[in-house]
Amino acid sequence: MIMDDLSQYPVVFKQSVAWGDMDAFAHVNNVVFYRYMESARIFYFDSLQILEEDLLTVVASNQCKYIKPVFYPDIIEVYTRTEEMRNSAFRMSYILFSTAQQNIVATGDAVIVCVDKINMQKKAIPTHIKEKLIELEKQAGHKLISS
């Protein structure tokens, strides 16, 4: 991953590493990386006002590739973008960058499914949300894959 590629991630969420994020091995626990990505995802959604819509966003799957351990104190910058948009789901990717190490420490992705709040069934991504996603990604020079 080339650092210049980070400019194509339209949303950057900054997360301070808390002392309590570390485990008995004195580094940030693996599970905490998922919390960092979740916080970045919500920050991304807030930038588009998706959470104000009449639909739910549910994580269908997610994964994380750990590259380097993280320690307190540190600030993690979570670079976030949408990679692919489908009818009722989209795939997001994350790059976690340690400001203390000046290095990428993890990467991750998640598939997010839109669900109707009332019947709890999959729901097509509303057109205006698709347009917002495309525009946000375009501003960062990232071409969103649509299928």
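Good morning. I begin with the two helices of this predicted model: helix α1, residues 30-48, packs on helix α2, residues 127-139, at an angle of about 105°, and their axes are 10 Å apart. Angles of 65 to 115 degrees count as roughly perpendicular, and α1 and α2 therefore stand roughly perpendicular to each other. On the α1 side, the contact is made by Y44, S47 and L48, and on the α2 side by K132, L133, L136 and E137. Sorted by class, this contact of α1 with α2 has four nonpolar residues, one polar residue and two charged residues.

Let me stay with α2. The helix has 13 residues, and the distance from its first C-alpha to its last is 18 Å, close to the 18 Å expected at 1.5 Å a residue. Which residues of α2 are buried? They are I129, L133, L136 and E137. These residues cover an arc of only 95° around the axis, which means that they lie on the same side of α2. In general, an α-helix has 3.6 residues a turn, so residues three or four places apart point the same way.

The opposite face deserves a word as well. Turned away from the buried side of α2 is a face that carries the exposed residues T127, E131, K138 and Q139. As for what the buried residues of α2 pack against, the partners are α1 and the strands β1 (11-16), β2 (55-66), β3 (75-85) and β4 (89-98). After α2 comes G141, with a positive phi near 80°.

I turn next to two strand residues. Q15 is placed in strand β1. Is Q15 buried or exposed? Its relative accessibility is 18%, and buried means under 20%, so Q15 counts as buried. With neighbours within four places in sequence left aside, the contacts of Q15 are Y36, S39, D74, I75 and I76.

The second strand residue is M92, in β4. M92 has a relative accessible area of 0% and is therefore buried. What does M92 touch, if residues up to four places away in sequence are not counted? The list comprises R41, Y44, F45, T80, R81, T82, E83, G108, D109, A110 and I112. One of these, Y44, also belongs to the residues of α1 that make the contact with α2. Another contact of M92 is A110; the C-alpha atoms of M92 and A110 are 5.3 Å apart in space, while the two residues are 18 residues apart in sequence.

Finally, I come to the backbone geometry of the loops. In the loop between β2 and β3 we find P73, and the peptide bond that joins Y72 and P73 is cis, with omega about -5°.

Where does A26 lie? A26 is in the loop between β1 and α1. Its phi is positive, about 65°, although A26 is not a glycine. At a relative accessibility of 44%, A26 counts as partly exposed.

Q49 lies in the loop between α1 and β2. Q49 is a residue other than glycine, and its phi also has a positive value, near 60°. The relative accessible area of Q49 is 40%, so this residue is partly exposed.

That concludes my presentation. Thank you for your attention.

Notes
Residues are numbered from 1 along each chain as its sequence is written. This is a predicted model: local features need pLDDT of at least 70, side-chain atom pairs count only at pLDDT 80 or more; totals for chains, interfaces and linings use all residues. Side-chain values use heavy atoms; hydrogens and water are left out. Axes are lines fitted to C-alpha atoms, for helices over the stretch in contact, and angles run from 0 to 180 degrees between N-to-C directions. Helices (H or I, at least four residues) and strands (E, at least two) are DSSP runs, numbered from the N terminus. Angles under 35 degrees count as roughly parallel, over 145 as roughly antiparallel, 65 to 115 as roughly perpendicular and the rest as oblique. Contact means heavy atoms within 4.5 Å. Ala, Val, Leu, Ile, Met, Phe, Trp, Tyr, Cys and Pro count as nonpolar, Asp, Glu, Lys and Arg as charged, and the others, Gly among them, as polar. The expected span of a helix is 1.5 Å times one less than its number of residues. Buried means under 20% relative accessible area, exposed over 50%, partly exposed in between (1.4 Å probe, protein chains only). The arc is that of the directions from the helix axis to the C-beta atoms.
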